[in-house]
Amino acid sequence: GVIEIGSAVAGGGHHTEQDYPTPMSEEIYRETLGREVTSLSAENQMKWDYLRPDRETFDFEDADEIMDFAQQHGQVVRGHTLLWHAQNPTWLEEGDFSADELRDLLKEHIDTVVGRYRGRIQQWDVVNEIFTDEGELRLNDNIWLRELGPGILADAFRWTRAADPDALLFFNDYNVDGVSAKSDAYYALITELLAEGVPIDGFSTQGHLSLRYDFPEDITENLQRFADLGLETAITELDVRMDLEEGATPTEQQLEQQADYYRRMTEAALSVEGCNSLTLWGFPDVYSWVPGTFEGEGAATVLWDDYTRKPAYYAVQDAL
Ligand code: XIL
């Protein structure tokens, strides 16, 4: 099929604590982002903790910058994300809100954020990471599910649809590349919600892969079963990390294996009808979230720190 190739727009993550320039203020970063991809995702800039410094305030500065950049470069945007257990502000997580107040807060957030970009977002990750790897709903660590129950998921999709009727509305998660307890849980939940008429348009797998694990061979089969429900699918956060000591350079063999994983993910995205995009979770390596999150792993993106191309870059290009 025809797909968008996208990238996360770096910024606001752990690397802001470090001694690097803000990615979007770097000319070479902007040039690369404008040239290499047709779709943008906010790596952090549309998350609750970023948009909502306090209960009363919406801070759209960096999100707006991404939207403007996309418009100037003819790119589409994936909105990320509205309902999630992580990166929520402390005032929200530790606030003493009643269930009614929390419901109103989520609705107000969706109305305001989705409404602001109405008609300009191709797809929203409405709901992010609600299942554990065992396929259990995160009823403890997700504030919305814990305080409001699973019914809030249908509400979130309905509120998002009302705020922007043109955006495609997605469930998004990691470790759902292949068929597993976790992707089975999504399959069952989405089947049920669709039968109730909940406006769900898509299911996406993030695609955070590691050379420590085998390639998820059954990704095509998995995405296809969601496509068969009438959904669009997407790969939304592709990166391929590898064992790497700090300051070390990957071996040629690691780079080849990484390129192979990138190539196979690209082929999977192309081969599933209705898979509409393949988004890389940022570049170059220096802006990747991987070393700060996965101890002893790194070099997960397709570009070296000086923006020269790794074998993985050519692997994606060749597969397209
Ligand atoms: C990550 C960002 O890349 C980091 O900069 C941030 O510190 C933490 O979040 N799944 C998601 C993304 O849905 O939002 C996460 O992004 C990576 C895992």
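Leu194 lies in helix H8 of this predicted model. Leu194 counts as partly exposed, because 14 other C-beta atoms are found within 10 Å, a number that falls between the limits of 12 or fewer for exposed and 20 or more for buried. Leaving aside neighbours within four places in sequence, Leu194 is in contact with Ile200 and Leu229. Looking back along the chain, Leu194 and Gly178 are 16 residues apart, and their C-alpha atoms are separated by 22 Å.

The helix that holds Leu194 makes a good starting point. Helix H8 covers residues 181-195, and its 15 residues should span 21 Å at 1.5 Å a residue; the C-alpha atoms at its ends are 21 Å apart, so expectation and model agree. Which residues of H8 are buried? They are Lys182, Ser183, Ala185, Tyr186 and Leu189. Seen down the axis of H8, these buried residues fall within an arc of 145°, and therefore they line one face of the helix. That buried side packs against three elements, namely strand E5 (168-173), strand E6 (202-205) and helix H9 (219-227). On the face turned away from the buried side sit the exposed residues Ala188, Thr191, Glu192 and Ala195. After H8 comes Gly197, with a positive phi near 80°.

Helix H12 (residues 311-319) can be read in a similar way. Its buried residues include Ala312, Ala315 and Val316. These residues cover an arc of only 95° around the axis, which means that they lie on the same side of H12. The partners of the buried residues of H12 are strand E8 (232-243) and helix H10 (252-271).

A pair of helices comes next. Two packed helices are described by the angle between their axes and the distance between the axes. For helix H5 (residues 99-116) and helix H7 (residues 151-163), the angle is about 35° and the axes are 9 Å apart. The crossing of H5 with H7 is right-handed. On the H5 side, the contact is made by Leu106, Lys107, Ile110, Asp111, Val114 and Gly115, while H7 contributes Ala156, Trp159, Thr160 and Ala163. By character, the residues of this contact divide into six nonpolar, two polar and two charged.

The backbone also has some details to look at. Where in the chain are cis peptide bonds found? One joins His80 and Thr81, with omega about 5°, and Thr81 is part of strand E3 (residues 76-83). Another joins Phe283 and Pro284, with omega about -10°; Pro284 belongs to the loop between strand E9 (275-280) and helix H11 (290-293).

Positive phi values turn up in residues other than glycine as well. Asn175 has a phi of about 55° and lies in the loop between E5 and H8. Is Asn175 buried or exposed? Asn175 counts as buried because it has 20 C-beta neighbours inside 10 Å, and the limit for a buried residue is 20 or more. Ala299 has a positive phi near 50°, and its place is the loop between strand E10 (297-298) and H12. With 25 other C-beta atoms within 10 Å, Ala299 is buried too.

Two further residues show how parts of the chain meet in space. Gly1 sits in the segment before strand E1 (4-9) and is exposed, because 10 other C-beta atoms lie within 10 Å. Gly1 and Ala269 are 268 residues apart in sequence, yet their C-alpha atoms are 8.0 Å apart in space. Not counting residues up to four places away in sequence, Gly1 touches Leu270, Glu273, Gly274 and Cys275.

Pro23 is found in the loop between E1 and helix H1 (27-36). Pro23 has 24 other C-beta atoms within 10 Å and so is buried. What does Pro23 touch, not counting residues up to four places away in sequence? Its contacts are Ala10, Gly11, Tyr29 and Tyr287. The C-alpha atoms of Pro23 and His80 are separated by 18 Å, with the two positions 57 residues apart along the chain counted as their separation. His80 is also one partner in the cis peptide bond with Thr81 described above.

Terms used. Residues numbered from 1 in each chain as written. Predicted model: local features only at pLDDT ≥ 70, side-chain atom pairs only at ≥ 80, totals over all residues. Helix = DSSP H or I, 4+ residues; strand = E, 2+ residues; numbered from the N terminus. Expected span 1.5 Å × (residues − 1). Arc of directions from axis to C-beta. Contact = placed C-beta atoms within 7 Å. Axes fitted to C-alpha atoms, helices over the stretch in contact; angles between N-to-C directions. Left-handed = near helix turned anticlockwise from the far one by under 90°. Nonpolar A, V, L, I, M, F, W, Y, C, P; charged D, E, K, R; others polar.
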